[in-house]
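Colleague: Could you take me through the nonpolar residues in this one, slowly please? I'd like a close look at how they group together.

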Amino acid sequence: MFALGKPVVVVLINGPPLSIPEVAAKTNALVEGWYPGQEGGTAIADILFGDANPGGKMPVTVARSVGQLPMFYNQKPSAHRGYLFASKDPLFPFGFGLSYTTFDISAPHLSTAQMNADATVTVSVDVRNTGKVAGDEVVQLYLHQLVSSVTRPVKELKGFRRVSLAPGQSTTVQFTLDRAAFALWDEHMKHVVEPGAFEIMVGPNSADLKTVMLNVTS
């Protein structure tokens, strides 16, 4: 079908994610249907004919090949070394998802650049529908502590918001982070906040992120 040179839309019906790098590279659009249930055909038809604008996001990381497994967005820094001459990046990152419109998410802005461990900080981003149809975007917030007594994931999802916007419409999305967002279990199995610098990352998925720094004091 690809050899015909005609536009091709691939609909996947599957349980676990599939390894489909060649299909993803050739197809004009890709719809992940999972196991959609008895009304799944109706829902997929609405999407294919443009009667519904999808706004879903991937709840898992999709690997390029089985050789990359296990693969997840919040790996430890020493994970995902990969194979020689092969990409270490996923085919689709955690939180990824497209629609019939596009969105612009600004760099995050903090209510304060430095805070006490028992205080809170508000993270704000501006979201704008830059396309021609109404749609939904899921704004995602991740953080990473640069230095800690125990290894922490390269990023941790700490919040997300779904917003519905008309073409050209914009809004401000805010997240409030408190002590629980920054805490870790230390080597003595105590739930503590260790002072230091944190990367606050916001974007439409776990890979396409804009960052601002926050300093947490004791």
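Modeller: Sure, here is a walk from the core out to the surface. Keep in mind that this is a predicted model. As a general rule, nonpolar side chains in soluble globular proteins tend to be buried together.

Let's start with the largest nonpolar core, which has 26 residues. Val127, Leu177, Phe182 and Ile200 are the ones that touch the most other members. Several elements give two or more residues to this core, including β3 (103–105), β7 (135–145), β9 (170–177), α3 (179–182) and β12 (196–203). The top contributor is β6, with four residues.

Now zoom in on Leu177. Setting aside neighbours within four places in sequence, Leu177 is in contact with Ala119, Thr120, Val121, Val123, Leu141, Leu143, Lys158, Phe182 and Ile200. There is also a second, separate core of eight residues, and among them are Val8, Val10, Ile20 and Val62.

Next, the surface. Here Val9, Val11, Ile13, Tyr35, Leu48 and Phe49 form a nonpolar patch, and together they have about 640 Å² of accessible area. Val11 sits in strand β1 (residues 9–12). Its relative accessibility is 32%, so Val11 counts as partly exposed.

One last stop is Val23, in helix α1 (residues 21–26). Val23 is partly exposed too, because its relative accessible area is 27%. If we skip residues up to four places away in sequence, Val23 touches Phe2 and Val10. You'll remember Val10 from the second core. As for Val9 from the patch, Val23 and Val9 are 14 residues apart in sequence and 10 Å apart in space, going C-alpha to C-alpha.

Key: Residues numbered from 1 in each chain as written. Predicted model: local features only at pLDDT ≥ 70, side-chain atom pairs only at ≥ 80, totals over all residues. Heavy atoms only, no water. Core = buried A, V, L, I, M, F, W, Y, C linked by side-chain atoms within 4.5 Å. Buried < 20%, exposed > 50% of the residue type's maximum accessible area, 1.4 Å probe, protein only. Contact = heavy atoms within 4.5 Å. Patch = residues over 30% accessible without salt bridge, like charges linked within 9 Å, V, L, I, M, F, W, Y side chains within 5 Å. Areas by Shrake-Rupley, 256 points an atom, 1.4 Å probe, with all protein chains shown as cover. Salt bridge = Lys/Arg side-chain N within 4 Å of Asp/Glu carboxyl O.
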